[in-house]
Amino acid sequence: FLDLAANQVEFAAALQGATAPAFAALGLELLSVTMQSVSLPEELQKILDQRIGMGIIGQNMGQFMQYQAAQA
C-alpha cells in the first residue's frame, strides 16, 4: 500500500493501460487516468499504523507495550 501511495502516477498509467482495451471494446478511448488520493478504511489504517510503530521500535515486546501504553 505504501508503494502504491508513493507511486500514484505510475499506478494511474498502469491502470489506464490495463483498462483501455475494455473501453475500446465499447467504442470509447480512455485518454488519461488521474489518481488524486489513495486511502485505506479506518480499521486497516489503524492496523498499518500499529505495524509501522512496531517496526520503528523493533521486535522488543516490552518496548511495544510501552509504545501501546503511550498511544492510549
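Mentor: Before we read this predicted model, one definition is worth having: a nonpolar patch is built from residues with over 30% relative accessible area and no salt bridge, whose nonpolar side chains are joined within 5 Å.

Trainee: Which residues form a nonpolar patch on the surface here, and with how much accessible area together?

Mentor: The patch consists of Phe 23, Leu 26 and Leu 28, which together offer about 310 Å² of accessible area. Of these, Leu 28 sits in the loop that runs between helix H2 (8-25) and helix H3 (42-57).

Trainee: Is Leu 28 buried, partly exposed or exposed?

Mentor: The general idea is that a residue is called buried under 20% relative accessible area and exposed over 50%, with partly exposed in between. Leu 28 has a relative accessible area of 49%, and therefore counts as partly exposed.

Trainee: How is Glu 29 classed, as buried or exposed, and where is its place?

Mentor: Glu 29 is also placed in the loop between H2 and H3, and because its relative accessibility is 67%, Glu 29 counts as exposed.

Trainee: What separates the C-alpha atoms of Leu 28 and Met 65, and how far apart in space are Glu 29 and Glu 10?

Mentor: Separation along the chain and separation in space are read side by side. Leu 28 and Met 65 are 37 residues apart along the chain, and their C-alpha atoms are separated by 55 Å. For Glu 29 and Glu 10, a sequence separation of 19 residues goes with a C-alpha to C-alpha distance of 19 Å. In the case of Met 54 and Tyr 67, which are 13 residues apart along the chain, the C-alpha atoms are separated by 8.4 Å.

Trainee: Where does Met 54 lie, and is Met 54 buried or partly exposed?

Mentor: Met 54 belongs to helix H3, and its relative accessible area of 22% is why Met 54 is described as partly exposed.

Trainee: How many salt bridges does the count come to, and which residue forms a salt bridge with Glu 42?

Mentor: The cut-off for such a pair is a side-chain nitrogen of Lys or Arg within 4 Å of a carboxyl oxygen of Asp or Glu, and by this rule the count is one. Glu 42 is paired with Lys 46, their closest N and O atoms being 3.6 Å apart. Both residues lie in helix H3, at a spacing of four residues, or about one turn of the helix. Glu 42 counts as exposed because its relative accessible area is 54%.

Trainee: What does the secondary structure come to, and what is the radius of gyration of the protein?

Mentor: There are four helices and zero strands, following the pattern α-α-α-α along the sequence. The radius of gyration is 19 Å, whereas a compact globule of 72 residues would have one near 11 Å. The C-alpha atoms fill a box of roughly 60 × 20 × 15 Å along the principal axes. Only 7% of the 72 residues count as buried, and the protein exposes about 5700 Å², with carbon and sulfur atoms supplying 60% of that area.

Trainee: Where is confidence lowest, and where is it highest?

Mentor: The general caution is that, where pLDDT is low, predicted coordinates should not be read in detail. The average pLDDT here is 83, and 90% of the residues score at least 70. Confidence is lowest in helix H1 (residues 2-6), with a mean of 72, and highest in H2, with a mean of 92.

Terms used: Residues numbered from 1 in each chain as written. Predicted model: local features only at pLDDT ≥ 70, side-chain atom pairs only at ≥ 80, totals over all residues. Heavy atoms only, no water. Helix = DSSP H or I, 4+ residues; strand = E, 2+ residues; numbered from the N terminus. Patch = residues over 30% accessible without salt bridge, like charges linked within 9 Å, V, L, I, M, F, W, Y side chains within 5 Å. Areas by Shrake-Rupley, 256 points an atom, 1.4 Å probe, with all protein chains shown as cover. Buried < 20%, exposed > 50% of the residue type's maximum accessible area, 1.4 Å probe, protein only. Rg over C-alpha atoms; globule rule 2.2 N^0.38 Å. pLDDT = per-residue confidence, 0-100.
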